[in-house]
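Work through the exercises below with the model open. Try each task before reading its solution.

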Amino acid sequence: MSGPLLCEGRVVIVTGAGRGLGRAHALAYAAEGARIVVNDLGVGLDGTPGPDSPAARVVAEIRAAGGQAVAHGGDIATTEGAASLVRTALETYGRLDTLVNNAGFLRDRMLVNLGEDDWDAVLRVHLKGHFLPLKHAAAHWRAEAKDGRRPRARVVNTSSGAGLLGSVGQGNYSAAKAGIIGLTLVAAAELGRYGVQVNAIAPAARTRMTERAFADTMAAPGADSFDAMAPENVSPLVVWLGASASTGVTGRVFETEGGRITVMEGWRPGPTADKGARWTPSEAGDTALKLLAEAEVPGAVYGAG
């Protein structure tokens, strides 16, 4: 590669980096000069990644290509797991510059069949698994800023089209991914004063989760065709958002798929009516119908595979 590397010297944590999107992100960051903490749940009873764990295999790939990486096998949806994740970066490399929250899984059910355990498990891994690493990384960056060492820190969260528009059969997943967008907006507003930028992506790519849920859409094309669903297509934007080159970009959500990048504009006020006094229920209903007739039709809800 000619020219300077985009992330030379930066230390990057990627959660859920043993496979799929997380692996692609970790490899892409390493190719741009970053030192990587590869998080994925370990196989040992103590949570330490074994020599054949997904995290260890990605670390081996990075090192074989001449990069630097270390594995972390803790559960980042626990306080200790998230704290040890940040400690691993600091103790191994002496700094932390970028956090990529990516870990997650699916337990799809229609709402009437969705059990409380399946709801809790998905919210825990996706939403709590974003919050806790962000909390501990932010505490470190705040301390750095207060000590006069203002960081150029970056957080990239992972939402989904399901979080933007909903997805039939994925009430738990859609709620978690929508919550990640809300968390992103709050974190961007709160942490900017400490030199931290927080953004989110809503990717579409072939992973273990999507191959099962959307098998037809995610199928790989022939050898001579562009593989629009390859997870590696998402990583360039994630790398840029995690680099110092993205200065000034925060509180944004990007949808990314294949060769397409879209800035999502979120909720904005549409048609409005103000009576200046309290409506009756009938008046409110009539007014709502008139406003809906003037409003844009919302995007389609995703169908379950």
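The exercises go from model confidence to one helix, then to salt bridges and the surface.

**Ground rules**

This is a predicted model: local features need pLDDT of at least 70, side-chain atom pairs count only at pLDDT 80 or more, and totals for chains, interfaces and linings use all residues. Residues are numbered from 1 along each chain as its sequence is written, and side-chain values use heavy atoms, with hydrogens and water left out.

**Exercise 1. Find where the model should not be read in detail.**

Step 1. Start with pLDDT, the predictor's confidence in each residue, from 0 to 100. The protein chain averages 90. At least 70 is reached by 89% of the residues.

Step 2. Look for the weak stretch. Over residues 43-48 the pLDDT is below 50. Beyond near neighbours in sequence, this stretch has six contacts in the model. Contact means heavy atoms within 4.5 Å.

Step 3. Apply the rule. Where pLDDT is low, predicted coordinates should not be read in detail.

**Exercise 2. Describe helix 3: its span, its buried residues and its cover.**

Step 1. Fix the element. Helices (H or I, at least four residues) and strands (E, at least two) are DSSP runs, numbered from the N terminus. Helix 3 covers residues 79-93, 15 residues in all.

Step 2. Check the span. From first C-alpha to last, helix 3 reaches 21 Å, close to the 21 Å expected at 1.5 Å a residue. The expected span is 1.5 Å times one less than the number of residues.

Step 3. List the buried positions. Buried means under 20% relative accessible area, exposed over 50%, partly exposed in between (1.4 Å probe, protein chains only). Gly81, Ala82, Ala83, Ser84, Leu85, Val86, Thr88, Ala89 and Tyr93 are buried.

Step 4. Find the cover. It includes strand 1 (11-14), strand 2 (35-39), strand 3 (68-72) and helix 4 (116-146).

Step 5. Look past the end. Glycine 94 follows helix 3, with a positive phi near 80 degrees.

**Exercise 3. Which residues does serine 160 contact, beyond its neighbours within four places in sequence?**

Step 1. Locate serine 160: it sits in the loop between strand 5 (153-158) and helix 5.

Step 2. Judge its burial. Serine 160 counts as buried because its relative accessibility is 8%.

Step 3. Read off the partners. They are Tyr173, Lys177, Ile201 and Ala202.

**Exercise 4. How many salt bridges are there, and what does the pair of aspartate 118 and arginine 107 tie together?**

Step 1. Count. A salt bridge is a side-chain nitrogen of Lys or Arg within 4 Å of a carboxyl oxygen of Asp or Glu. The count comes to 12.

Step 2. Take the pair. The side chains of aspartate 118 and arginine 107 meet at 3.2 Å, N to O. Aspartate 118 lies in helix 4 and arginine 107 in the loop between strand 4 (98-100) and helix 4, so the pair ties together parts 11 residues apart in sequence.

Step 3. Compare their surroundings. Aspartate 118 is buried at 16%, and arginine 107 is partly exposed at 34%.

Step 4. Add other examples. Arginine 87 and glutamate 80 meet at 2.6 Å, N to O. Arg23, Glu61 and Glu232 are linked in a network.

**Exercise 5. Place valine 168 and state how exposed it is.**

Step 1. Valine 168 is in the loop between helix 5 (161-165) and helix 6 (171-191).

Step 2. Valine 168 is partly exposed, at 37% relative accessible area.
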